[in-house]
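Me: I have a chain to look over before going further. Could you take me through it?

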Amino acid sequence: MVYKRSRGETLFSWLNIGFMLTLCFVTLYPFIYILFASLSDPIEMARFRGMLFYPQGFSLEAYKAVLENPMVTTGYRNTLVYVIAGTAINLIMTTLGAYALSRRNVYFSNPIMLIIVITMVFHGGLIPSFLLINNLGLLNTPWALLLPGAINSFNLIIMRTAFQGIPVSLEESARIDGANDWTILIRIILPLSMPVVAVMILWYAVGHWNSYFNALIYLRDRELFPLQLVLREILISNSTDNMMTGAATSDRLDIGVTIKYATIIVSTLPILVLYPFLQKYFVQGVLIGALKE
């Protein structure tokens with residue numbers, strides 16, 4: 001039996017398709033503009049006005065200037081260290097906390113969860129946090145970026161809910177066979193919660209990659225700056241002069257604009273490459289962590 005749609009249903013389908021295509025275009029066009037602008041000839045780009053759908057000329061001068069800048073290289077190295085080390089610390093601490101609070105034989109788990117939820121609404125603020133970091137001797141060290149945010153309360157709640165959804169019978173069977181908590185966590189709980197673990201890795205890694213405010217507050221040594229703080233200096237402080245040593249004075253303004261676009265692409269590309277590999281776990285992991293039967 002062939003179902004024939006009415007005119008209203010057909011019109012709605014076409015309007016829905018048009019709306020989704022428009023939404024995709026509005027979402028993707030800023031990135032496409034930045035990509036084409038970064039590949040454009042600086043002088044041609046300086047003269048161009050309007051919407052950009054292809055590079056104006058073609059030049060890799062901006063990317064050459066960005067990749068030859070030692071601060072960008074140092075920022076990349078520091079950011080990779082912060083992302084890898086920070087995500088590992090986040091994942092370990094969140095997993096341990098979620099497992100402990102998801103066990104039914106843990107005393108005061110509900111009051112502890114209430115305290116954790118309160119921290120999502122109320123916090124001490126910037127000045128007490130700065131004083132705490134300073135008194136602990138973490139100021140101007142990488143630990144100032146890694147330790148204060150070791151556990152995200154929202155992520156902890158999601159992972160705890162996912163762990164609670166695993167049948168208790170599996171844990172009881174493992175304990176009969178002599179398994180302890182470490183064995184249950186590593187060999188039973190985590191393998192059954194890989195979608196949630198993948199989502200945690202994605203959220204924490206993206207958070208560390210995009211973070212710049214904590215580095216702006218706690219770091220003074222430029223050798224410790226992450227890439228996003230270097231990007232901030234280039235985009236906001238217009239510090240592109242040291243990246244154009246070979247350019248004439250009259251061309252520096254034009255090249256500086258394309259350098260900003262190229263810096264955005266260079267700083268965004270790794271996350272765009274990583275996301276498709278974890279995206280398939282995203283929806284499933286969030287649903288598992290957010291819903292409980």
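**Overview of the chain**

Reply: Buried residues, meaning those under 20% relative accessible area (exposed is over 50%, partly exposed in between, with a 1.4 Å probe and protein chains only), make up 37% of the 293 residues in the chain. This is a predicted model, in which local features need pLDDT of at least 70 and side-chain atom pairs count only at pLDDT 80 or more, while totals for chains, interfaces and linings use all residues. Residues are numbered from 1 along each chain as its sequence is written, and side-chain values use heavy atoms, with hydrogens and water left out.

Me: How many helices and strands are there?

Reply: The chain has 14 helices and zero strands. Both are DSSP runs numbered from the N terminus: helices are H or I with at least four residues, strands E with at least two.

Me: What share of the contacts with a separation of 6 or more comes from residues 24 or more positions apart?

Reply: Such residues account for 72% of those contacts, where contact means heavy atoms within 4.5 Å.

Me: Which two residues, 157 apart along the chain, have C-alpha atoms separated by 9.9 Å?

Reply: They are Thr 73 and Val 230. Thr 73 belongs to helix 4, residues 70-102, and is partly exposed because its relative accessible area is 45%.

Me: Changing topic, how do helix 9 and helix 10 pack?

Reply: Two packed helices are described by the angle between their axes and the distance between the axes. For helix 9 (residues 168-176) and helix 10 (residues 181-192), the angle is about 145° and the axes are 10 Å apart. Axes are lines fitted to C-alpha atoms, for helices over the stretch in contact, and angles run from 0 to 180 degrees between N-to-C directions.

Me: Which residues make the contact?

Reply: Helix 9 contributes Leu 170, Glu 171, Ala 174 and Arg 175, and helix 10 contributes Asp 181, Ile 184, Ile 188 and Leu 192.

Me: Where is Phe 108, and is Phe 108 buried or exposed?

Reply: Phe 108 sits in the loop between helix 4 and helix 5. Phe 108 counts as exposed because its relative accessible area is 64%. Its phi is near 60°, a positive value in a residue other than glycine.

Me: What about Asn 140?

Reply: Asn 140 also has a positive phi, near 60°. Asn 140 lies in the loop between helix 6 (126-135) and helix 7 (143-146), and is partly exposed, with a relative accessible area of 30%.
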